[in-house]
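Visitor: I'd like a quick tour of this one before I do anything with it. Can you take me through it, question by question?

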Amino acid sequence: MPGAGFHSGGGRPRLHQRLIETRADMRLGFVLILLFPLALGPVLAQDAQRIAAVVNDKAVSTFDLIERIELVIGTTGLEDSPASRERIRAQVLRTLIDEQLELQEAERLGIEVTEADVQVALRYLERQNDIPEGRMIEALEARGVPGAALLKQIDAELKWSRVVRSRLRTVTITDAAVDEVLARLEASRGRPEVRLAEIVLAVDDPSQDAEVAANARRLVDEIRRGANFGAVARQFSQAASARTSGDIGWTLVDQLPLEVQSAVADAPEGSLVGPVATRGGHTVLLVLGRRKALEPDPGAARLDLELIALPLPDVSTQEQEDEQTRRAEQAAERVTGCDDAEAAAEATPTALHRDLGTFQLRDLVPELRLAAADLAAGDVSRPVIAGGIVNVLIVCSRTDPSGALPSRKEVRDSLLDQRLELIARGYLRDLRRVAFVDIRL
């Protein structure tokens, strides 16, 4: 979000991992893989060879568009229906056009990505999504999602990341800049902060404003129907925060753009806000939390967690949700701590047990974060429905933080991230400005 400033407590980027977000070492906007059954529509052979758009001297085929729509629907939780596909088609095509511009620039600069690079990215995704090594594509295609679409997206993201980072080599973050940020943070102690996630749709040509605003409203409708905000952000947002599920971290409220301040002023945690007309585009916001600056951050609490999960059907009735919740409550009653969580799951029909490891509270998806917020070591959460699953969390251990300034390295990295975002947005805007684009649909 332009003008948001340094995020004083956000830490490193996060990427959804099934029901949990975790740190993304690669800082790339890889697509979320949601592990639930999918019912995806067929690719119509007669449409496959049609041209959806011409970008300079390269074509984006209807096959490319349908393939990416399949991937988007299969990895975001969007409703799989003809109406839903039609609602997202224009925005998916715009994403593919931008991706083609990025690929053409990478080709012009001689930037290449090897098969080994793509495989490293796949291994990373498999670890983050608890998929056995080498089984990612198989897992996707077993659910009707074209694995080739993911490979193309990874290839494009790796190349564009290298293009943008080639511009960053001349950027220097001075000690004086770091000192200035630390001084400003200390002066902000105790002032209100908000943690937001964003989906930014850029408007480079004023004549496109109405179309972009309509696309933003369609995404809001899909999220309200149950699509995953973070996954939608990764697929559609044109801000650098797309790689962190849209999460921009903690920001002083009075440093937000005025239109955003007004939109989120009274919005409680978990609220979906917008779209908001912002400088250069339209933004959809999710309020993730509120706090006082540099006070101990509850979201930084580290919890060692185990999970009892009871899956729901793709389209569940209230009766089915009530039945699985009842079973989850029975499983929770059997648990006295992490030592017997697995046995409790085994004694509960349809229940699965997972040792989740250690995560910061802020890295849990909102439903589970609220359920775990006040739990101490040894406590068991109430059943919570999230991601098509009834969940029971067991806290094996918990370490709560104390308020402190970020390290100089964290400040420097954050400033570099901000500079990288500015470079990426400006770079792509320039490519769009001089490109020939002919949309055929």
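**A walk through the chain**

Visitor: Let's start with α7: what covers its buried residues?
Guide: Bear in mind that this is a predicted model. The buried residues of α7 are V212, A213, A214, N215, A216, L219, V220, E222 and I223. Their cover includes α2 (82–108), β5 (192–202), α8 (229–236), β7 (272–278) and β8 (281–292).

Visitor: How far does α7 reach from its first C-alpha to its last?
Guide: Helix α7 spans residues 209–224, so 16 residues, and at 1.5 Å a residue you'd expect 22 Å. The model comes out close to that, at 23 Å.

Visitor: And which residue just after α7 takes a positive phi?
Guide: Look just past the end of the helix, where phi goes to about 125°. The residue is G226.

Visitor: Which strands of the 4-stranded sheet stand at the edges?
Guide: That open sheet runs in the order β6-β5-β8-β7, with antiparallel pairing. An edge strand has a single partner, so one side is left without a neighbour in the sheet. Here the edge strands are β6 (247–252) and β7.

Visitor: How much are neighbouring strands of this sheet turned against each other?
Guide: Take the order β6-β5-β8-β7 and ignore direction when comparing neighbours. On average, the turn is 40°.

Visitor: How many bridges pair β5 and β8?
Guide: These two pair in the antiparallel sense. One spot to find on screen is L201, which stands opposite H282 in β8. The bridge count for β5 and β8 is 11.

Visitor: There's an open sheet of 3 strands too. Which are its edge strands?
Guide: The order here is β4-β3-β13, again with antiparallel pairing. The edge strands each pair on one side only, and they are β4 and β13 (437–439).

Visitor: What does the twist average from one strand to the next there?
Guide: We're still in the β4-β3-β13 sheet. Strand β3 (residues 51–55) is joined to β4 by 4 bridges, and I51 stands opposite S61 in β4. From one strand to the next, the twist averages 20°.

Visitor: Which helix lies across β3, β4 and β13?
Guide: Two helices come up here. Helix α1 (residues 62–76) lies across β3 and β4, running at about 50° to β4. The one lying across β3, β4 and β13 runs at about 40° to β3, and that's α2.

Visitor: Now charges. How far apart in sequence are E107 and K58?
Guide: Their side chains meet in a salt bridge at 3.4 Å, N to O. E107 sits in helix α2 and K58 in strand β4 (residues 58–61), so the pair links distant parts of the chain. The separation is 49 residues.

Visitor: Is E107 buried or exposed?
Guide: Exposed takes over 50% relative accessible area. K58 has 32% and counts as partly exposed. E107 has 55%, so it counts as exposed.

Visitor: What about D413 in its salt bridge with K409: buried or exposed?
Guide: The closest N and O atoms of that pair are 2.8 Å apart, and both residues lie in helix α13 (residues 408–434), 4 residues apart, about one turn of the helix. K409 is exposed, with a relative accessible area of 58%. D413 has 14%, and under 20% means it counts as buried.

Visitor: Which residues are linked with R412 in a network of salt bridges?
Guide: R412 lies in helix α13 and is partly exposed, with a relative accessible area of 25%. Leaving aside residues up to four places away in sequence, R412 touches I173, T174, D175 and V178. In the salt-bridge network, R412 is linked with D175, D179 and R408.

Visitor: How far apart in space are R412 and A177?
Guide: In sequence, the two are 235 residues apart. C-alpha to C-alpha, the distance is 8.5 Å.

Visitor: Zooming out, what share of contacts joins residues at least 24 apart?
Guide: The chain has 441 residues, 54% of them buried, and there are 13 helices and 13 strands. Count the contacts between residues at least 6 apart in sequence. Of those, the share joining residues at least 24 apart is 76%.

Visitor: Last one: how many salt bridges are there in the whole structure?
Guide: We've met a few already, and another joins the side chains of E186 and R189 at 3.0 Å, N to O. A search of the whole structure finds 27.

Notes:
Residues numbered from 1 in each chain as written. Predicted model: local features only at pLDDT ≥ 70, side-chain atom pairs only at ≥ 80, totals over all residues. Heavy atoms only, no water. Buried < 20%, exposed > 50% of the residue type's maximum accessible area, 1.4 Å probe, protein only. Contact = heavy atoms within 4.5 Å. Pairing = 2+ DSSP bridges. Axes fitted to C-alpha atoms, helices over the stretch in contact; angles between N-to-C directions. Salt bridge = Lys/Arg side-chain N within 4 Å of Asp/Glu carboxyl O.
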